[in-house]
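Visitor: I would like a close look at a single part of this model, together with the surroundings that help a beginner to place that part. Please take your time over it.

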Amino acid sequence: MKHLLSLFGVLLTALTLQAQTVDEIITDYYNAIGGANWDKVSSITMKANVEQGGMKIPVEVVRMRDGRTYTQITVMGNTMTMQAFDGTTSWTTNFMSMEAEKSTSDETENAKRSAGDFPDALLQYKQLGYTPTLMGTETVDGTSCYKIKLEKKTQLVEGKETANIEYLFIDQENKVPLMMEAEIMEGEMKGKIGQTKFSDYQEVEGVYLPFSNVSGIKGEGTQTIQFESIVINATIDETKFNFPKK
Amino acid sequence: MRFFWLSALTIMWAHFSWAQNTSLNAGDFFGDLKARHIGPALMSGRIADVELHPNNSNVVLIGAAGGGVWKSQDGGIRFTSIFDQYCQSIGCVSIDPNDPDNTYWVGTGETWTRNSVSAGDGIYKTTDGGKNWTNMGLPKSDRIASIQINPKNSNEVFVAVLGALWGPSDERGVYKTSDGGKTWSNVLSVNNTTGCSELVMDPTQPNVLYAAFWEFRRSAYSFNSGGLNSALYKSTDGGNTWKKLENGLPKGKKGRIAVAIAPSNAQILYAVIEAEKKEEKGLYRSDDGGNSWTFLNGDFALTVRPFYFSRITVHPSDPNIIAKAGLFGSISRDGGKTFENLGSMHSDIHDIVFDKAQPNKMLVATDGGLYLSLNGGSSLEIVENLPLSQFYHVSIDNRNPYYVFGGLQDNNSWFGPSSSPGGVEARDWELVGQGDGFRVYPHPTNPKIVYSEMQGAEAIWRFDVEKQQLKTVKPYALEGEPKLRFNWNASLTTSKHQPDRLYVGSQYVHISNDRGDTWTKISPDLTTNDPNKQQQEGSGGLSADNSGAENHCTIFSIAESPLSDQILWIGTDDGNVQLTKDGGKTWENLSHNFPGLPANTWCYHLEASVHGKEIAYAVFDGHAKNDYTPYVYKTSDFGKTWKSIVTPEITTFVRNIQEDFVNQDLLYLGAENGLYISLNGGKNWSAFTNNFPKVAVHYLELHPTKHALIAATHGRGIIILDDVRPLRGIKEELLTKNLSFFDTDVFTLPEKSTFGGTASENQFVGDNPSGNAKISYFLPKRHTFGKMTGEITDLEGKLVSKVEVGKNKGINTVEWGFNALAPKTAKGKGFSIAPAPYVKAGKYKVKITKGNEVFEQMIEVRYDSTSSFTATDRIKQQECTKELFGMVEDLAYLVYQIDEWDAKAQAFKAKNGKPNKTVDALIKELTALRNILVVTTGDNYVGAAEDQLREKINEIYGTIVGYFGAPSESELANVKGLKNQLISAQKTFNVLKDGKIKEFSSILTKSTSVAVPEILSKEAFLQK
């Protein structure tokens, strides 16, 4: 009987699932990752040790609510900024000269436009003026997900205003995103689909974050980053965002 | 109320019983099991249609005959596949002129109706540039020749439905939608044998349309093009009414008609007509919108094989320049009066487009890929990254890496490696046959001898690859015997028992025990020998087409039992299945024992089982009789009874089955729409779609020792599933456990190094299989919440390496590159890499931590038994590695201490303000010492500083670690010298420590501004 009742439960759930609107899915997602606790979050500091052929490379990623961000890695004791945005300038480090260099104007402009996507563009879509559309359900590696198309503000690609679209795949059962897809808009990979898969959601001060991100090109190789710690509202050296004065 | 509960319970109970009876559904558990494509692309494959963006000709779409839709955004340099999840047989692609960046339409089902053509399943539309597609209906259209979109109204679309090739069909003609594809109406139809083969719209007046109708039919043994119903029609009212165009056009029977409008003057039309009379076949021109026509030209290039080449293209700005698809492709610059061939490229041209923005730029679709020309077709260059090869068959050998062998539609016979340094690239493939290639086999014990064939066994070759010696070895009819009938794709196979044996099937089974030099017939005619199906010289209709493609009443499949060479299962294209158990002395016709199988259905494949002499599988393909039903059977009693193992999950016809060699319930099925897998002997099937497009699979092969499933696809080359062993291990009980490891082999440590490949930037390179140790496990559901990490440890549990773990539902794989942890290197300017050493052979554990649970699996690593290194070599290498590893870390610790004291000294100096002799001297000496230990200036490129001790130690360390043999004397001498330098530096530092550092330390003890540094122990430093 217990079996039967749980089965009945499953059937009911199946019926409810069908009726979900995109807003309900987003609300479920919001609640699943901590809901209003996110209001208290002003920054996220994530640390990982990436193993590259047995070599440990510490990685530190900081995201601020105001859109500033940096990713630092430490290779053989040398810490360098892989990518940063200080609110005005998006920049990287040249691995040959080890000097900071500005990213393209497009990249800086696009960083400015997505500065409000904290903690996640989908949750703030109304304030940001983005448009989510429920496209149906799709299976991600055996798990049934809602597929949501999120049309953000346009982005600059080779200087031209271009649609900026992400696809989010939200686990029907657990209500959290399992995958994000977006077309690669520039370079040799243009036209291919970039994918990031999320797992290892864990609680940090009342909010849930995916501690594991696997990214790559659809159908091709992937790179995993497994965060060992994520700290909310940590003390941050704000100079690290800034493009160094030469 | 009680009634309600009772009925609810009944429904639930029914549901529950059903759930219990349903066995494992493979598709739920494929997890990260992913297919790998090796192409090749050097000969690419047939392309049916090309389309350019109207305002940005950098955007190119191609519809491949069997390989889906590809998009380029750089004018044709690089292409990306955008239609993998849908039918890969493409008739046409169209770009909506109102929304050309986003809205495309695809009509599935190729319309160049050769014998090997695949079928379509309707019309598709994307509104986001190809990221997402929706099927917009016309499910029975079978093949779509053209899609015309009103340039003023995206919702109004006209579609030319050619319809079924192999039988009658009511879904033919011109279809129109006025609501963007939601609903369709048939606005012009003729009858159930005549379809719309071309449709064009006047670009200036969208209500004006021209539609070509074609009466045609193909069967397994004949082809007919032409009839009284073929005609050219015109509508001037958006398809409501149509008028037949006849003035100046040939009377009587007509065949296929090509028609095109000059974009620069829509009154000028060209039509190429397959007519009844030879002198009326050819090119016609109208200058008055089709009201009257003038015959211009009946050259070979215009009239050749209309069923295969019926596309004519008019230049965007010059109405007198026209290009005609054909055997070589041709172009006229005088309005069609005369033509010349296009430049050298692969023959069999299907479509030609001109770039509006650069009128001398052309793109040409051929049987051998896409070509670009920048000079109006005089010279052309092939696009090298379209892996569209159309294999008919694949076989494999036992080398390491193993090679794959196969023949391609109009693209010869080949073999190539399953992996190669840097990936499988064009230069890796070797040519071993001409013409259309089909079945290619290596000699079972000498893979340098390769057998191949061309169409209709016009030749069967034995090729010595090493000596480059070629001998034709086909069997001939003996004096007084009937003519031998060979299928277009003639059956040829080697023996699992007699290495020098070859089998070839005509209507008889021929056997050779000396590699094809002498042949013996071991059977009577095993076919139905129906004379009505042997009239190929009359095939073709209005244009004779006796290419051998319609040869019939032939043996198609020969399966020798892997358990006895006396047992042969023979399948014929006219529906017979014959068995001998005595090497051909007696034969039994089993064709009446298949329940539900229509008579004379083509036996496409027989699989003699490794699990028992009496077990076999049979696959029948009825599509050449317009029957798309899948037919797959199994016998366990030498064919007396056969049981269908088809389920509704298989949605179209099937060509091949492969049984698993270990798990009898595991089956792989090659279907017209991709690969299916069953875990329970065919009780249910799942489409395998992880990087496996919905492409026609013509043949499957399973590697007996590498456990790889190799698929010959007819449009996407060779696709490989590298390791099927996890599929063998999926059982019901795994569903109840949180994580279960699958059994693993002993892993062999790879000892090869490579400089990589040589492919240029835009050439296709097939993926290599992973060279890592792969440890697979099963998760009953996806891991989403909580931490999940992986490690390799030694047997005592000490960390050897960290590894990434998969978290998917079903099969997951941990990959480990056999590496331990890398040494910690000294901090200095720039990078100087000291790589991780490889582990020694031995036993290790994989440890997966999932939340609070820990799962462990023992694994074993061994050295390559074929390696040239001895045990003593390895010990020497390992000892030297260990010593250098220690030196790298000793140096790192030394530099750390120097840096710490230097930092404090610099801080003290800064705070103190006035010079301090001890501190200044200390700084000077620390700096001097550091300068000989690590690079402290320069960059990572040509501004690099002179190497110091760190760079030198790391260099020799990297050299020793990367080679598996003993270090050379000169390497050992180098290590010794560097070790002495390191010891000397340590001594220098120890002198400082006992002197100036001690003094500085006592200064700091008294200082309030700067604290004494807390120098970590070496152990703690290395852990940091």
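Guide: Chain B, in this predicted model, is divided into domain 1 (64-320), domain 2 (395-418 + 429-529 + 554-724), domain 3 (741-751 + 768-862) and domain 4 (872-1023). Between the centres of domain 2 and domain 4 of chain B, taken over C-alpha atoms, there are 66 Å. Helix H4 of chain B covers residues 871-912, which makes 42 residues, and its first and last C-alpha atoms are 61 Å apart, close to the 62 Å expected at 1.5 Å a residue. After H4(B) comes B:Gly913, with a positive phi near 85°.

With chain B in view, we can turn to its partner. Chain A contains 4 helices and 13 strands. Its radius of gyration is 20 Å, and because this is close to the 18 Å that the globule rule gives for 246 residues, chain A is as compact as a globular protein of that length. Along the principal axes, the C-alpha atoms of chain A fill a box of roughly 70 × 40 × 35 Å, and 29% of its 246 residues count as buried. If we take the contacts in chain A between residues at least 6 apart in sequence, 40% of them join residues at least 24 apart.

The part I have chosen for the close look is strand E13 of chain A, which covers residues 222-232. On one hand, E13(A) pairs with strand E12 (residues 207-217) in the antiparallel sense, over 5 bridges, and within this pairing A:Gly216 stands opposite A:Thr222 of E13(A). These two strands form a hairpin with 4 residues between them, and in the turn A:Gly219 has a positive phi of about 80°. On the other hand, E13(A) also pairs with strand E1 (residues 43-52) of chain A, again antiparallel and over 5 bridges; here A:Ala48 has A:Phe227 of E13(A) as its bridge partner.

The chosen strand also brings us back to chain B. The contact between the chains takes 37 residues from chain A and 46 residues from chain B. On the side of chain A that touches chain B, E13(A) is one of the elements that give two or more residues, alongside helix H1 (2-18), strand E9 (160-171) and strand E11 (193-204). Sorted by class, that side of chain A has 14 nonpolar, 15 polar and 8 charged residues. E13(A) therefore has a place in both settings, for it pairs with E1(A) and with E12(A), and it gives residues to the side that touches chain B.

Definitions and conventions. Residues numbered from 1 in each chain as written. Chains lettered and ligands numbered in written order. Predicted model: local features only at pLDDT ≥ 70, side-chain atom pairs only at ≥ 80, totals over all residues. Contact = placed C-beta atoms within 7 Å. Nonpolar A, V, L, I, M, F, W, Y, C, P; charged D, E, K, R; others polar. Pairing = 2+ DSSP bridges. Domains from an automatic or database assignment. Rg over C-alpha atoms; globule rule 2.2 N^0.38 Å. Buried ≥ 20, exposed ≤ 12 C-beta atoms within 10 Å, placed from the backbone. Expected span 1.5 Å × (residues − 1).
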